[in-house]
Amino acid sequence: MDLLNTLVQGLMLGGLYALFAAGLSIMFGVMRMVNLAHGDLAVVAAYLVLVLLGGTMFPLWLVVVVTLPLFAVIGYGIHRSLFSRSLKAGPLSTLLVTFGLSIIIQNGLLEGFSADTRTIDMGVLNTGAFHLNNQLSISYLGLLTLVLAVAVIAGVQLFLSRTRTGKMMRAVSDDADTASLVGANSKHLYAIATAIAFGTVALAGIMSGARSSFDPSIGPAQLIFAFEAVVIGGLGSLWGTLAGGAVLGLTQAFAAHLDPSLTILAGHLVFLAVLAFRPQGLIPQRTV
Amino acid sequence: MAHTPQPTKDGTTPVSAAAAAAPSFTGALVTRAGRASKASAGLLGLAVLVLAALPYIAFAGTTSSMVTFFVLLIMASMWNLLAGFGGMVSVGQQAFVGVGAYTVLAFANLGMNPFVALPLAALTCAVFAIPTSWLAFRLRGDYFAVGTWVIAEVYRLIIIRFDSLGGPSGMSLPGLTGMDPVLRGALTYWAALTLAALTILGCYLLMRGRTGLALTAVRDDETAARANGVDVTWSKRLVYLVSAAGCGAAGGILIIDSLSVQPNAIFSVQWSAYMIFIVIIGGIGYLEGPLLGAIVFYALQQLLAGYGSWYMIILGAIGVAGAIWLPRGLWGTITNKTGIQLFPVGYRLNQPWTLPPTLR
């Protein structure tokens, strides 16, 4: 029963990692870029929700409903103003720009909110759980996060395979020059991919901020977990990312069960083992 | 080996080594070092001599802050070698800064003089870099960057499990506490200066030779270089090992300078941020870049030291702007306008009418 509980907790943690990783996977799949500020953006979203909850009378659902589209719009704007310029200058420039952004965000948050740890209060969501028996309980928040992760990944997959914009995005990803001949505006489509990535990472940041405490410096750790989920699952495959998140979550949960100080290291070692023995990932795929 | 002439960024035509050795009949001059380079080499040698005498003429505070400058210069030169010449953008070089520092600590714990352990720190890092490169080289481009970061975290998480090395809270360095502080400060300064000079000289010699030519070819077009017979993986691995050794030595200096080590600080990604900033501002892919960048960085650090996290915000913003609008950095812009090279690693075809007016 103890084992079953660890399994369930690991899967729910994996859902959170998959939610973090979805945006990273989309951006890599569509434009082969890695946003090194990915984790820091999630932290910004968590602080924004904290401020909105504290400063206004808005209920939680409304705050979340406002924050996600706001992040998508910011993502679109940042892509058109910064990322598109750096993508033109080459992959080195993109890495440097996003790394610089990460440093600016971390220190900006430190200046604005100090290094104190915070948590988002979601009321019953924070504390409530389904108690299946006296050893196995499933927290509302963990379950909701897992459901959201599956929904986001399925939604993005449907968007890419069914809608006109999604198909154009795949075409641009395959060959931007040829796609532009049939009317695809690659800058606009790339910016939409960035917008989706920003929106989903904001959601991940909010869920993570309710699950455990956060401070301005945790962004890089979240980037690394998301990155590991993407690589374990297979580069550019969204369902692979979900699987990768689950593997990472399960590994960490079982390692924590054995020795809490091994939690993070075990996740990294599984990632390195995948790199060494199965570099194409669990579900290798080059198309999004 | 690729001896195919490729037009360089600044428009001059590099000539292959074979052509450079052949007598020229056209009246054109194939040269490596221009008059300015020879003069600047003399000046640099003089600067090193003056710097070496500094502990005798300046206050200890000055030499102590110069140690930080040399450490940054070493790290940035190593990152420039890796990214600017090897095409490998890493945000995980702090792995070797940390391993270098802990190597010095481990040998000092065994009773060795920490200064004697410095070369061993470099060597240990080169050895550690071999298995690291097997894993990291599975990833390319952006993913290589984050992969190296994860590997640096793994090194930190493993090292803090050793209680004999201080565990998660770190440890102070034994073996130097009995030494006269002035002498210790001067020795640290000389060690840092020597390593910085060796780093720059080593980069120059490496890039002048066969490896440099191979690397430049790999950076410009990996597939074409491979087709021309360049052993791409070997060249990249060599650069990776050299870069690891340099960063390890820098880490060794850091622990000797501060007399203690704290795992989160020595394995901090901040070191990578500093290296990247210095190289981007100075000019990536130019041996002069890190030198100029380190001076600018050092000046900014002195200027903005009182502003706390605003200092990092400004650095980040300058880095972002530099990456987009000044991709060749300050030195790239200068050398493009004037043709001056302090460390000429290529060959140039100097015909009287192609010389800039100042050199005619």
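**Group meeting: a predicted model of chains A and B**

Let me begin with a pair of charged residues in chain B: B:Arg156 is buried, and B:Glu153 is buried as well, where buried stands for under 20% relative accessible area, exposed for over 50%, and partly exposed for anything in between, with a 1.4 Å probe and protein chains only. These two residues form a salt bridge whose closest N and O atoms are 2.9 Å apart, a salt bridge being a side-chain nitrogen of Lys or Arg within 4 Å of a carboxyl oxygen of Asp or Glu. Because B:Arg156 and B:Glu153 are three residues apart in helix α6 of chain B, about one helical turn separates them; helices here are DSSP runs of H or I with at least four residues, strands are runs of E with at least two, and both are numbered from the N terminus.

Before going further, I should say that this is a predicted model, in which local features need pLDDT of at least 70 and side-chain atom pairs count only at pLDDT 80 or more, while totals for chains, interfaces and linings use all residues. Residues are numbered from 1 along each chain as its sequence is written, chains are lettered from A and ligands numbered from 1 in the order in which they are written, and side-chain values use heavy atoms, with hydrogens and water left out.

On confidence, the model scores ipTM 0.89 and pTM 0.86. Chain A has a mean pLDDT of 91, with 98% of its residues at 70 or more, pLDDT being the predictor's confidence in each residue, from 0 to 100. Among the elements of chain A, the lowest mean pLDDT, 81, belongs to helix α5 (residues 124-127), and the highest, 95, to helix α9 (residues 186-211). For chain B the mean is 84, and 85% of the residues reach 70 or more; among its elements, helix α1 (residues 17-21) has the lowest mean pLDDT, 44, and helix α4 (residues 94-109) the highest, 97. The pLDDT is below 50 over residues 1-26 of chain B, a stretch that nevertheless has 33 contacts in the model beyond near neighbours in sequence, contact meaning heavy atoms within 4.5 Å.

Back to the charged pairs. The whole structure contains four salt bridges over all chains. In one of them the side chains of A:Asp259 and B:Arg161 meet at 3.3 Å, N to O, and this pair joins two chains, because A:Asp259 lies in the loop between α11 (238-258) and α12 (263-277) of chain A and B:Arg161 in the loop between α6 (141-159) and β2 (171-172) of chain B. A:Asp259 counts as partly exposed at 25% relative accessibility, and B:Arg161 counts as partly exposed at 39%.

Another salt bridge brings together the side chains of B:Lys236 and B:Glu222, again at 3.3 Å, N to O. This pair links distant parts of the chain, with B:Lys236 in helix α10 (residues 232-258) of chain B and B:Glu222 in helix α9 (residues 222-227) of chain B, 14 residues apart. Both B:Lys236 and B:Glu222 are buried, and salt bridges that share partners join B:Glu222, B:Arg226 and B:Lys236 into one network.

Which residues touch the most other members of the largest nonpolar core? In this core of 197 residues, they are A:Phe83, A:Ile120, A:Phe227, B:Trp79 and B:Leu173; a nonpolar core is a set of buried Ala, Val, Leu, Ile, Met, Phe, Trp, Tyr and Cys residues joined through side-chain atoms within 4.5 Å. Helix α3 (residues 60-85) of chain B supplies the largest share of this core, 16 residues. Leaving aside residues up to four places away in sequence, A:Ile120 touches, among others, A:Ala46, A:Val49, A:Ile206 and A:Phe214. A second, separate core of six residues includes B:Ala217, B:Val218, B:Val230 and B:Val232.

Finally, chain B as a whole has 15 helices and four strands, and buried residues make up 53% of its 360 residues. B:Gln301, in helix α13 (residues 288-304) of chain B, is buried, with a relative accessible area of 18%, and touches B:Leu72 and B:Tyr311, not counting residues up to four places away in sequence. B:Ala305, by contrast, is found in the loop between α13 and α14 (309-325) of chain B and is exposed, with a relative accessible area of 56%.
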